[in-house]
Amino acid sequence: MRIADVLGSKSLRDVVSIAPEAGVRELLATLAEHNIGAVVVSTDGTSLDGIVSERDVVRHLHSDGTVINNVVSAIMTTEVSTCSPDDDLDDVLQVMTERRFRHIPAVEDDRVVGIVSIGDLVKHKIDQLQFERDQLDNYVHQS
């Protein structure tokens, strides 16, 4: 299974992004509006300048109660791990688990083509395992 399979099955195909100079209040509104946990930070809507998640907001809120008055670039993660649509799902799951993050942008030709969460990957894996189980069950009962 490849990341492209997961991206193709997602209902939200557009990559939600926010400008680095946007305010944290705008970020929170964007997260809530799209019911997502992370947003790609991009100056042009396709390049990857960073990523910012609910976790980033909470960590900065803990250390600096004025996080709401900041801009996104002040709290975003700039060293972003990415994947390719051709990457193996299990490999990406392992990286996300080891590095303890829940969202990873998929990048192709220096353009963000999607973002997947660990929940997306686990759901896709469970669906695939269920399909395989059903196939084996049908095979056993037809024999």
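In this predicted model, I75 makes quite a list of contacts: leaving aside residues up to four places away in sequence, I75 touches V24, L27, V52, D56, V57, H60, V67 and N70. A second core, separate from the largest one, has 13 residues, with L89, V92, M96 and F101 among them. Both cores come up again below, starting with the one that holds I75.

The largest nonpolar core is made of 15 residues. I75 is one of the residues with the most contacts inside this core, a group that also takes in I18, L27, V39, V41, V52 and V72. Helix α2 and strand β2 each put at least two residues into the core, and α2 gives the largest share, with 3 residues.

Next comes the sheet beside that helix. Three strands line up in the order β1-β2-β3 to make an open sheet, and their pairing is mixed. Because β1 (17-18) and β3 sit at the edges with a single partner strand each, one side of each has no neighbour in the sheet. Between β2 and β3 the pairing is antiparallel and runs over 4 bridges; here V41 faces G50 of β3. Helix α2, residues 24-34, lies across β1, β2 and β3, and runs at about 125° to β2.

What sits in the loop that links β2 to β3? One residue there is S42, between β2 (38-41) and β3 (50-53). Buried means under 20% relative accessible area, and S42 has just 3%, so S42 counts as buried. Its side chain has polar company all the same: a polar atom of the S42 side chain lies 2.8 Å from the backbone nitrogen of G45 and 3.3 Å from the backbone nitrogen of T46. Not counting residues up to four places away in sequence, S42 also touches S17, I18, A19, P20, S47 and D49.

Now for helix α4 and its surroundings. In α4 (residues 89-99), the buried residues are L89, V92, L93 and M96. Seen down the helix axis, these buried residues fall within an arc of 100°, so they line one face of α4. Over on the other side of the helix, E98 and R99 are exposed. The buried residues of α4 are covered by parts that include α1 (3-9), β4, β5 and α5 (118-142). Three of the names from the second core turn up here too: L89, V92 and M96 are also on the list of buried α4 residues.

The two ends of α4 have details of their own. At the N-terminal end, D88 acts as a cap, with a side-chain oxygen 3.1 Å from the backbone nitrogen of D90. Just after the helix, R100 takes a positive phi of about 60°.

Finally, there are the two strands that help cover α4. Strand β4 (residues 103-108) runs antiparallel to β5, and 6 bridges join the pair. Along this pairing, V107 stands opposite V112 of β5. The two strands form a hairpin with 2 residues between them, and D109 in the turn has a positive phi of about 55°. Is β5 mostly enclosed or open? In β5 (residues 111-117), 5 of the 7 residues are buried, so this strand is largely enclosed by the rest of the structure.

How values were computed: Residues numbered from 1 in each chain as written. Predicted model: local features only at pLDDT ≥ 70, side-chain atom pairs only at ≥ 80, totals over all residues. Heavy atoms only, no water. Buried < 20%, exposed > 50% of the residue type's maximum accessible area, 1.4 Å probe, protein only. Polar contact = N/O pair within 3.5 Å; in protein donor to acceptor, adjacent residues only side chain to side chain. Contact = heavy atoms within 4.5 Å. Pairing = 2+ DSSP bridges. Axes fitted to C-alpha atoms, helices over the stretch in contact; angles between N-to-C directions. Arc of directions from axis to C-beta. Core = buried A, V, L, I, M, F, W, Y, C linked by side-chain atoms within 4.5 Å.
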